[in-house]
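Let's take a walk through this structure and see what surrounds the molecules bound to it. Keep the 3D view open as you read.

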Amino acid sequence: MPVAHDIEEPATDADATGEGLPINEVFYSLQGEGTLAGVPSVFVRTSGCNLRCWFCDSYHTSWEPTGAWRDVDSIIEKVQSHEQADHVVLTGGEPLIHEESVELLKRLDAEGYHTTVETNGTIHRDAPIDLASISPKLANSTPTPERDPKGEGEWEQKHEQNRIDMDALSQMVDAYETQLKFVVTDVSDLPEITDLVDRVREATATTVADDDVLLMPEGMTREQLNGTRSEVAELAMEYGYRYTPRLHVDLWNDAPGT
Ligand SMILES: C[S@@+](CC[C@H](N)C(=O)[O-])C[C@H]1O[C@@H](n2cnc3c(N)ncnc32)[C@H](O)[C@@H]1O
Ligand SMILES: Nc1nc2[nH]cc(C(=O)O)c2c(=O)[nH]1
Ligand code: SF4
Ligand SMILES: [Mg+2]
């Protein structure tokens with residue numbers, strides 16, 4: 001069993017019992033990213049992350065983790081209250097820092113849900129995951145002092161050291177149906193992506209097709225996406241990778257619970 005990295009415990013509304021999961025939010029929406037974009041889904045967002053991307057669109061699960069501890073039964077109950085959905089997306093923060101995410105995924109699987117896990121790919125756990133939506137973090141994510149949203153670059157080195165774990169990444173690719181979803185700002189990100197995809201292909205027994213590699217424009221608002229999406233779409237065509245929109249941002253901008 002992998003050891004969770006040294007995680008700061010999220011601030012909680014409830015007493016930390018050590019059981020259950022720190023939950024930031026549970027909401028019903030359309031999957032906005034990746035090969036299942038457009039599918040009605042319940043999102044379960046855990047709090048706490050082992051990385052600190054400067055651009056993180058879920059600031060209150062990473063830079064300032066907040067949430068309330070909920071036991072697995074109560075999370076399942078909340079998921080089931082959205083009766084139309086048969087897809088569940090477990091995200092965060094980084095959901096796989098929490099061992100209890102495995103229990104939640106087992107319960108969701110037993111209840112018949114299709115499960116997607118949105119993960120940065122640095123921690124592998126054995127769980128019933130129907131789609132591992134892995135977003136390995138590139139150098140463009142590193143919180144340098146100039147880009148740090150909170151401090152003065154205190155996380156730069158730790159983020160840089162931990163953002164890629166080839167063992168965890170390749171174990172996950174071999175274990176699950178996978179999409180590799182890269183956050184792209186511009187053409188300068190592409191050499192790192194092609195190199196990483198080559199390394200994953202060498203390290204795994206699985207065929208990683210070009211259309212399992214997704215380029216997603218960086219931006220947490222429509223305005224920011226206006227500056228990235230066209231170039232990223234062109235890059236997907238040029239390299240033969242798949243483009244993924246951020247449908248939820250196009251539809252609802254950065255509204256909470258979407
Ligand atoms: C908040 S993360 C949570 C899951 C996991 N920690 C991860 O990074 O994959 C969910 C998704 O949002 C993406 N993301 C975060 N901030 C973004 C931004 N500013 N622009 C585009 N994608 C972003 C991540 O790369 C990931 O695919
Ligand atoms: N609609 C919607 N789709 C998403 N796909 C991945 C998300 C995430 O934050 O992990 C996300 C999200 O926050 N909202
Ligand atoms: S790994 Fe995911 S949750 Fe963590 S800081 Fe980066 S985007 Fe945010
Ligand atoms: Mg999101």
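UniProt, in an unreviewed entry, places the feature "binding site" at L30, Q31, G32, R45 and T91. Of this set, Q31, G32, R45 and T91 belong to the lining of the largest pocket. As for L30, you'll find that residue in strand β2, which covers residues 21-30. Bear in mind while you look around that this is a predicted model.

**Ligand 2**

Which residues are found around ligand 2? They are S29, L30, Q31, G32, E33, F43, R45, T91, E118, H248 and T258. Look back at the UniProt "binding site" positions, L30, Q31, G32, R45 and T91, and you'll spot each of those names in the shell around ligand 2. Two strands, β2 and β3 (40-46), each give at least two residues to this shell. If you sort the shell by residue type, you get two nonpolar, six polar and three charged residues.

Now zoom in on the atoms. A polar atom in the side chain of Q31 is 2.5 Å from a nitrogen atom of ligand 2. The side chain of S29 also has an N or O atom facing a nitrogen atom of ligand 2, at 3.4 Å. With R45, the partner is an oxygen atom of ligand 2, and a polar side-chain atom of R45 lies 2.8 Å from it. On its own, ligand 2 has 320 Å² of accessible area, and the protein covers 93% of that. Ligand 2 sits in the largest pocket.

**Ligand 1**

How many residues surround ligand 1? There are 21, and the closest are F55, G93, S135, K137 and G219. Three strands, β6 (114-119), β8 (178-184) and β9 (213-217), each provide at least two residues of the shell. By type, the shell around ligand 1 splits into five nonpolar, eight polar and eight charged residues.

Some of these neighbours make polar contacts with ligand 1. G93 and G219 use backbone atoms: an N or O atom of the G93 backbone is 2.9 Å from a nitrogen atom of ligand 1, and a backbone N or O atom of G219 is likewise 2.9 Å from a nitrogen atom of ligand 1. K137 uses its side chain instead, with an N or O atom 2.8 Å from an oxygen atom of ligand 1. Taken alone, ligand 1 would expose 540 Å², but the protein buries 95% of that. Where does ligand 1 sit? In the largest pocket.

**Ligand 3**

Ligand 3 sits in the largest pocket too. Around ligand 3 you'll find C49, L51, R52, C53, C56, S62, G93, N120 and K137. Two of those names, G93 and K137, also appear among the residues closest to ligand 1.

Here is how the three shells divide by residue type:

| Shell | Nonpolar residues | Polar residues | Charged residues |
|---|---|---|---|
| Ligand 1 | five | eight | eight |
| Ligand 2 | two | six | three |
| Ligand 3 | four | three | two |

**The annotated domain**

Finally, zoom back out. The unreviewed UniProt entry lists residues 36-254 as "domain: Radical SAM core". In the model, that span is 33% helix and 19% strand, and its end C-alpha atoms lie 20 Å apart.

Note on methods
Residues numbered from 1 in each chain as written. Chains lettered and ligands numbered in written order. Predicted model: local features only at pLDDT ≥ 70, side-chain atom pairs only at ≥ 80, totals over all residues. Heavy atoms only, no water. Near = heavy atom within 4 Å. Polar contact = N/O pair within 3.5 Å; in protein donor to acceptor, adjacent residues only side chain to side chain. Areas by Shrake-Rupley, 256 points an atom, 1.4 Å probe, with all protein chains shown as cover. 1 Å grid on protein atoms, 1.4 Å probe; cavity = no way out; pocket = protein on both sides within 12 Å on 5 of 7 lines; lining within 4 Å. Sits in = over half its atoms within 2 Å of the grid points. Helix = DSSP H or I, 4+ residues; strand = E, 2+ residues; numbered from the N terminus. Nonpolar A, V, L, I, M, F, W, Y, C, P; charged D, E, K, R; others polar. UniProt positions renumbered as here; feature names shortened; annotations may be inferred.
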